[in-house]
Amino acid sequence: MSAAGPKPPRAETAAAVEVTGLRVGLDGGSELIQVGDELMRSGAGLVGRLQRFPGEQLPDLTSRERFPVPDRVGEYCDRDAFLAAPKFMAQWVHWEDRARMVLEGRYHEIPPVHFEGIFTLVCNFMCPHCSRRVTRSKWVEGGTWDHNTPIEKRNTMHPEALKRVLDEVAAMRADEQMGIIWGGGDPTANPFTYDAMLYARDLGISASFLTNGVFLEVDRVLDADPILVRVSLNCGTEEAYRRFHGYPQGWDYFDRVRAKMRELARRKLERNARTLIGISLIVDERNMDDLEAAAIEIRSVIEDAGPGIDYVIVRPVMNYSHFQSEWAKLADDTKARAAELIEDGPVGRIISDLGIPLVPIKDSFEEPPPPEFYDDGSCLAYGMAGEIRHNGDVQLCSDSYGNPEYTVGNLFESSLAEVWTSERRRRVLREINSRRCFATICPHNSRGHHYNRVFHQVERMRDAGRMDEVEGWVRDLRETTLPLHHSFFL
């Protein structure tokens, strides 16, 4: 499958679903939508409506004939190629202070656009393929791999500490951009999450909320006005859902998440919330045959609750470098078969008929680049996104998944600004660069890997004395795309 961006919906609205999506008028700039016997407001008419994927909205391009290729520094294409190209890598140029640091080669000074907030490691699931499995079972005192481990300070950041951390994060805000990806574990396992999100919102910190949804408190999360809430569904039948997420038979988790998705979609519409609601489908051999049922379940959510789902993302399970081989069930043709299901197969058709963008995670369906791709295995993107763990540890980057070898400091011992400028951070960077992390460890579908690809192109242009071309390309990319006002899609 090519990384050609989101599969466009076949219709612009969800009117293909007979019992939902009937627009009956406008009120105060918002569409009125009939769902059964009820009228609901749609967030589609809000001023500053969020883009469901990068490039969904573009500026007026009628006077242009030459367009920058978003992920190829200094290269240009025609209008059709530009419109078809994914725009994920156009985000960074709109953060002008950070972009200036890149252009000047000051990578170590770049303030992060967001942190992954791993403020709890507790989760109600034991997914065999969990990217945090090693963290939860090995890289944390006491371990939290068991279902519903009790909340305590060894596995969860408590309120006063969390408030202090958020103050530190807000102080590093630049370009009117700082965010937190509320993850885990599962953020719903932390009883302090929702109040902390409200506090972070008041500090100007944007939010992405990633959850399995089973214990989601819908109104409380929407109260915090996150940019997005994404529920990891992955399956459409109870047996496959239980097996894929690793919990005992007889628990009602599948029924719970089905109800929560409907409540989330309905309340988004009733509240006229701008928050983007996403559904995630992650696939390996455990749930390949259930992917169509998952798409049917998403359609049922729309039929029951109204068009409150904004996008669906899909990717294969990743076999990370810190995984044991049996954790991800990937056959030689798993990615190709999954791609067939979502491109022209039943999954793609069902989601497209709903008018919902189906967004394949960039490069997840492709093989990693060959060794000769990496003329330099050093990391330049480590400053763009960090991670803060439940115990106050700060990770060099957000793609280290809690590996203690990437820990650069602790917020209960130093300020975040001190950690960011510390000799320890430089030492850890030297150590991971000696192992050529970008080429050998960094997941090739990750945000760090994609920033690295672009930044290394910038450095090759610098070595060739062509920075004037790079600066012109950056200006053109700003003029042909719109800022997202967050950093969460890559």
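This report describes a predicted model of one protein chain, going from the whole chain to some of its helices, a strand and a few loop residues.

## The chain as a whole

The chain has 490 residues, and 59% of them count as buried. Its secondary structure is made up of 16 helices and 15 strands, while its accessible surface comes to about 19,700 Å², with 46% of that area belonging to carbon and sulfur atoms.

Contacts can also be sorted by how far apart the partners are in sequence. When one takes the contacts between residues at least 6 apart in sequence, 72% of them join residues at least 24 apart.

## Helices H9 and H11

Helix H9 covers residues 291–305 and helix H11 covers residues 346–353; the two pack with their axes 9 Å apart and at an angle of about 10 degrees. Because angles under 35 degrees count as roughly parallel, H9 and H11 are described as roughly parallel to each other. From H9, the residues that take part in the contact are Leu291, Glu292, Ala295, Ile296, Ile298 and Arg299, and they meet Pro346, Val347, Ile350 and Ile351 of H11. Sorted by class, the residues in this contact are eight nonpolar and two charged, with no polar ones.

How much of H11 is covered? Six of its eight residues are buried, and the helix is accordingly described as mostly covered. The buried residues are Pro346, Val347, Gly348, Ile350, Ile351 and Ser352, and their cover includes not just H9 but also strand E11, helix H10 (334–343) and strand E12 (358–360). Just after H11 comes Gly355, which takes a positive phi of about 75 degrees.

## Helix H4 and its surroundings

Helix H4 runs over residues 159–171, and its length can be checked with a short calculation: at 1.5 Å a residue its 13 residues should span 18 Å, and the end C-alpha atoms are 19 Å apart, which agrees.

Several residues of H4 are buried, namely Leu162, Val165, Leu166, Glu168, Val169 and Ala170. The elements against which the buried residues of H4 pack are the strands E6 (114–118), E7 (179–182) and E13 (385–389), together with the helices H5 (193–202) and H12 (416–420).

## Ile313 in strand E11

Strand E11, which spans residues 311–316, contains Ile313. Is Ile313 buried or exposed? Its relative accessibility is 8%, and since buried means under 20%, Ile313 counts as buried.

If neighbours within four places in sequence are left aside, Ile313 is in contact with Arg230, Ile279, Ser280, Leu281, Val359 and Ile361. One of these partners, Ile279, is 34 residues away along the chain, yet the C-alpha atoms of Ile279 and Ile313 are separated by 6.4 Å.

## Two loop residues with positive phi

Glu176 is found in the loop between H4 and E7, and its phi is near 55 degrees, a positive value in a residue other than glycine. With a relative accessibility of 70%, Glu176 counts as exposed, because the cut-off for that class is over 50%.

Asn272 lies in another part of the chain, in the loop between helix H8 (253–271) and strand E10 (276–283). Asn272 likewise has a positive phi, of about 55 degrees, although it is not a glycine. Its relative accessibility, however, is 18%, so Asn272 counts as buried.

Methods
Residues numbered from 1 in each chain as written. Predicted model: local features only at pLDDT ≥ 70, side-chain atom pairs only at ≥ 80, totals over all residues. Heavy atoms only, no water. Helix = DSSP H or I, 4+ residues; strand = E, 2+ residues; numbered from the N terminus. Buried < 20%, exposed > 50% of the residue type's maximum accessible area, 1.4 Å probe, protein only. Contact = heavy atoms within 4.5 Å. Areas by Shrake-Rupley, 256 points an atom, 1.4 Å probe, with all protein chains shown as cover. Axes fitted to C-alpha atoms, helices over the stretch in contact; angles between N-to-C directions. Parallel < 35°, antiparallel > 145°, perpendicular 65-115°, else oblique. Nonpolar A, V, L, I, M, F, W, Y, C, P; charged D, E, K, R; others polar. Expected span 1.5 Å × (residues − 1).
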